[in-house]
Amino acid sequence: MSQYYDIDDILAEDELVPAVFQVAANGVGLFDSSDETNKVTYEDETIEVEQGSKVELPFWLARELHLRQALSINLPPCFNQKTRDELVADAAHVDLKNRCPYFYELGCKLFSLVGDKTIALLLLAAFQTRYKEVLIKAQTAAMTVAPKFLTLLTKEETKLYEAAQSSMVAFKKWRMGGPRFQRASVLGRKRRPSD
């Protein structure tokens, strides 16, 4: 856990990822299986998951079980080939928020576990393209266009958009006659006489 108290990090790790059990597991709790032929059996409060069962787990749990070699993690649907093709075609207009509000954070966390090197390239290309668009919209978009555009952005991009807008407002305020120079507090101090 890199940022234990960061709510966005907690929510990013709560995203569901598909996984396949490599070993049978007993007493693991209730799973909502995505596989119709899943071999989960219920016997008196003890739940057995057989080897090869497909389940969707929160990332934080899947990571721990993956590190213990109990399951293998597959890429979630937000990183499928259709999304990749859409990002290559026109990354600025892909609705990443509905696919995964923590697209970049989850992608960075998955990269080290899954071993798919194309995830890093996908994240970099998508962020570079969308970064430019976010800054352009933050500085030039009218208020009527902004809400429509904001529905496409991930949490990280929304923070970036808000920071760019507040920076632009501060710049306009300064340009229209705000304080031009500010005296540093260090300059107001008197020096000690040297002996």
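Colleague: Are Phe 103 and Tyr 104 buried or exposed?

Modeller: The model is a predicted one, and the answer is read from its relative accessible areas. A residue counts as buried under 20% and as exposed over 50%. By that cut-off Phe 103 and Tyr 104 both come out as buried.

Colleague: How many aromatic pairs does the rule give, and what is the angle between the planes of Phe 103 and Tyr 104?

Modeller: Ring centres have to lie within 6.5 Å to pair, and the count comes to 5 aromatic pairs. In one of them, the rings of Phe 103 and Tyr 104 are 5.5 Å apart, centre to centre. The pair is edge-to-face, and the angle between its planes is 80°.

Colleague: Which residues form one aromatic cluster with Phe 103 and Tyr 104?

Modeller: Phe 103 and Tyr 104 are joined in one aromatic cluster with other Phe and Tyr residues. Those other members are Phe 79, Phe 127 and Tyr 131.

Colleague: Which residues touch the most other members of the largest nonpolar core, and which element gives the most to this core?

Modeller: The largest nonpolar core has 29 residues, and Leu 71, Phe 79, Leu 87 and Phe 103 touch the most other members. Two or more residues come from each of β1 (16-21), β5 (54-58), α2 (59-67), β6 (71-73), α5 (103-114) and α6 (118-140). With 5 residues, the element that gives the most is α5.

Colleague: What is the relative accessible area of Ala 19?

Modeller: Ala 19 is a residue of strand β1. Leu 65 is 46 residues away from Ala 19 in sequence, yet the two lie 9.8 Å apart in space, C-alpha to C-alpha. Ala 19 is buried, because its relative accessible area is 1%.

Colleague: How many salt bridges does the structure hold, and how many residues apart in sequence are the parts tied together by Asp 9 and Lys 109?

Modeller: The structure holds 9 salt bridges. In one of them the side chains of Asp 9 and Lys 109 meet at 2.8 Å, N to O. Asp 9 belongs to helix α1 and Lys 109 to helix α5, so the parts they tie together are separated in sequence by 100 residues.

Colleague: Why do Asp 9 and Lys 109 count as buried?

Modeller: The cut-off for buried is under 20% relative accessible area. Lys 109 counts as buried because its value is 16%. Asp 9 counts as buried because its value is 10%.

Colleague: Which other residue of helix α1 meets Lys 109 in a salt bridge?

Modeller: In this second salt bridge of Lys 109 the distance is 3.1 Å, N to O. The pair links helix α1 to helix α5, across 96 residues. Both partners are buried, and the one in helix α1 is Glu 13.

Colleague: Which residues are linked with Asp 9, Glu 13 and Lys 109 in a network of salt bridges?

Modeller: The network of salt bridges takes in Asp 9, Glu 13 and Lys 109. Its remaining members are Arg 63 and Glu 64.

Colleague: How far apart in space are Asp 9 and Glu 105?

Modeller: Asp 9 is placed in helix α1, and 96 residues separate Asp 9 from Glu 105 in sequence. In space, C-alpha to C-alpha, the distance is 7.7 Å.

Colleague: Which residues form a nonpolar patch on the surface, and what is the relative accessible area of Ile 7?

Modeller: The nonpolar patch is made of Ile 7, Ile 10 and Leu 11, with about 260 Å² of accessible area together. Ile 7 is in helix α1, residues 7-13. Ile 7 counts as exposed, because its relative accessible area is 52%.

Colleague: Which ring does Lys 137 lie over?

Modeller: Lys 137 is partly exposed, with a relative accessible area of 22%. Its side chain meets that of Glu 133 in a salt bridge of 3.9 Å, N to O, and both residues lie in helix α6, 4 residues apart, about one turn of the helix. Lys 137 is also 5.5 Å from a ring centre, over the face of Phe 149.

Colleague: Where is Gln 69, and what is its phi?

Modeller: Gln 69 is placed in the loop between α2 and β6. Gln 69 counts as exposed because its relative accessibility is 65%. Its phi is positive, in a residue other than glycine, and is near 60°.

How values were computed:
Residues numbered from 1 in each chain as written. Predicted model: local features only at pLDDT ≥ 70, side-chain atom pairs only at ≥ 80, totals over all residues. Heavy atoms only, no water. Patch = residues over 30% accessible without salt bridge, like charges linked within 9 Å, V, L, I, M, F, W, Y side chains within 5 Å. Areas by Shrake-Rupley, 256 points an atom, 1.4 Å probe, with all protein chains shown as cover. Salt bridge = Lys/Arg side-chain N within 4 Å of Asp/Glu carboxyl O. Buried < 20%, exposed > 50% of the residue type's maximum accessible area, 1.4 Å probe, protein only. Phe/Tyr/Trp six-rings, centres within 6.5 Å; stacked < 30°, edge-to-face > 60°. Lys NZ or Arg CZ within 6 Å of the ring centre and 35° of its normal. Core = buried A, V, L, I, M, F, W, Y, C linked by side-chain atoms within 4.5 Å.
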